[in-house]
Amino acid sequence: METNSVLADDRIGAEAAISSSSRSGLFLLICPSMRDDRELARFDQGELTVLRHEYASIELEYMVGAGEAAGHIRDPLEEVEVILASVDGQAVTGVISTDDYPGSVLACIVAERLGLPAPKPAVNLLCQHKFQARVAQRAFVPEAVPAFAQVDVTQLRALPTGLSMPAFVKPVKSFFSIGAGRVTSQDDLSSAQARWAGMTQFFRPFERILEAYTPYTFGSNLLLVEEALCGVQVTLEGYARGDHVYILGIVDSIMYPDTIAFERFEYPSSLPEPVQQRMGEITRRLMRGIGYQDGMFNIEFMYDPETQAIRIIEVNPRMASQFADLYEKVDGASSYQIVLDLASGVEPRWSRGQGSYAFAASCVLRTFEDMVVRSLPGGKTIRDVEALFPGCRIELFGQEGRPLSEEMQDGHSYRYACINLGGSDRTDVLAKLEQCRQRWGLELERL
C-alpha cells in the first residue's frame, strides 16, 4: 500500500479520517482535564458516553506549584479498586487518560484489569522513570541519547564524571517541566537539591505503583543530570497498534528568547524531511524495543543543525492533548479520535493535509514576573473571538484579583492564556493572535 507521508509506517495508507460520529460506547476517562471535556464534547454524545474519574491531579499540581501539602492523597493501588468498583457491571468500551501523572499509568492498570487494550503498566512506568527511560534508550537507540547520570541530591557536591557545566537537571519523576532546568554553577545545583529533597509526598503515588509493577527503585532525593543540548526542539507524536508504530506528525517548539519557556508550538514542522525521517526511524526502533503497544505517545527531540545530531529529550507515554486540534486544523481529524480507537481496539485511520488550514499553532501567553489578574474576558467575548476565527481554542489561566503564581506554573514563568489558531502560514496566525489580544480586554498588573 502506498503511503501518504514519509513519516508514515508502511501500513498507513492515504485513507480519509473517520468522522467523529463513528465513535460510540462507554469510555472511562481517568484524571480528566477541562481540555478533555471540551474536545470530547465535540464528538457525537448520542453514541459516545464518557464516565469521568478524578484522582489526585489537582492535589499533586498544588503540591508542586505551591510547594505545600494539599490534603490526603489516597493510595493509588487502592484507587484502582475504587475505579473498578465504580464500573462493575458496565460494559466499558475503553479506558483513556491524557494526564501525565498519575492518570496515564492508572488508565493502563485499569485497562489491563478489564482486559482492554492499553500499554502495559510496566512499560508506561519505564517511560515515566527518567533514569530507567534513559537506560532503555541507550540500549535501543544509543546514538540519540545524551550523556546522563542519576544522582542523590543529598550527597551531590559536584557533577558526576563525564558531565560538565552547563548541564541539565530534572527530577527522576516530574511533569509540566517542573523542576527541570540548566545548571551552570554549584549554586544552581544547590537550588535543585533544596527544591526536591523534601517532595516525598509528591513522589509517593508514583513510588507505590513502581513497587507493584516494576523492579525499579525510586526516591524523592534522586535527580537526573544530563549533557545540555542545543538546537531545534520538536515533539514527535505517534501511536502503537500491536507491534506497529505510526507517526502522526512533528510539532516545532518555539521558545521565548533566552529561556526554556514555550512561546508557540507550530504544525507542521519546518525541519528538513530527511531529519524528520531519521526521527521517525529512531522512534520506531525505541518504541518497538521497549514493547510499547496500543497507545499514543509523544517524544521530545532536539536537533542540532550544525552537527546533524538528533537527541531524545524525553518520552511521554500519552497523547499531547494541547496539539489535538492542530492536527484537526491541518490534517482534518483530532488525535482524540486515535485515543478512542486504540482504547476500543479499533484500527485507527489517518489522513494528512485534509484540514481547513495549511498551518496551525498553539500560542502560550506568559510573563516572566508574577502579576495580578485585573480582568479576564467574559464568555461573550470568548465566543465572539471564536466566531471570528473558526476552530480557535482559548484557555485562560488565572482568577481575577489573584496573582498568576497561585496557578499551576513551571517555576520559571507565569502563563495566563493559551490560544490555538489555524491559518495559511505563521504570519497569518500571528496576525490573528494579535487581533485576539486586542479584542478580549485581558488585563494584568504588576504586584
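Tutor: Helices (H or I, at least four residues) and strands (E, at least two) are DSSP runs, numbered from the N terminus. The model discussed here is predicted: local features need pLDDT of at least 70, side-chain atom pairs count only at pLDDT 80 or more, and totals for chains, interfaces and linings use all residues. Residues are numbered from 1 along each chain as its sequence is written.

Student: What follows helix 4?

Tutor: Gly 115 follows helix 4, and its phi is positive, near 75 degrees.

Student: How many residues does helix 4 have, and how far does it reach?

Tutor: The expected span of a helix is 1.5 Å times one less than its number of residues. Helix 4 (residues 103-114) has 12 residues and reaches 16 Å from first C-alpha to last, close to the expected 16 Å.

Student: Is helix 4 enclosed or not, and which elements cover its buried residues?

Tutor: Buried means under 20% relative accessible area, exposed over 50%, and partly exposed in between (1.4 Å probe, protein chains only). Nine of the 12 residues of helix 4 are buried, so helix 4 is largely enclosed by the rest of the structure. Among them are Gly 103, Leu 106 and Cys 108. Through contact (heavy atoms within 4.5 Å), the cover includes strand 1 (25-30), helix 3 (76-86) and helix 8 (200-213).

Student: How many disulfides does the structure hold?

Tutor: A disulfide is a covalent bond between the sulfur atoms of two cysteines. By the criterion of a pair of cysteine sulfur atoms within 2.5 Å, the structure holds zero disulfides. Cys 31 is buried, with a relative accessible area of 3%, whereas Cys 230 is exposed, at 52%.

Key: Side-chain values use heavy atoms; hydrogens and water are left out.
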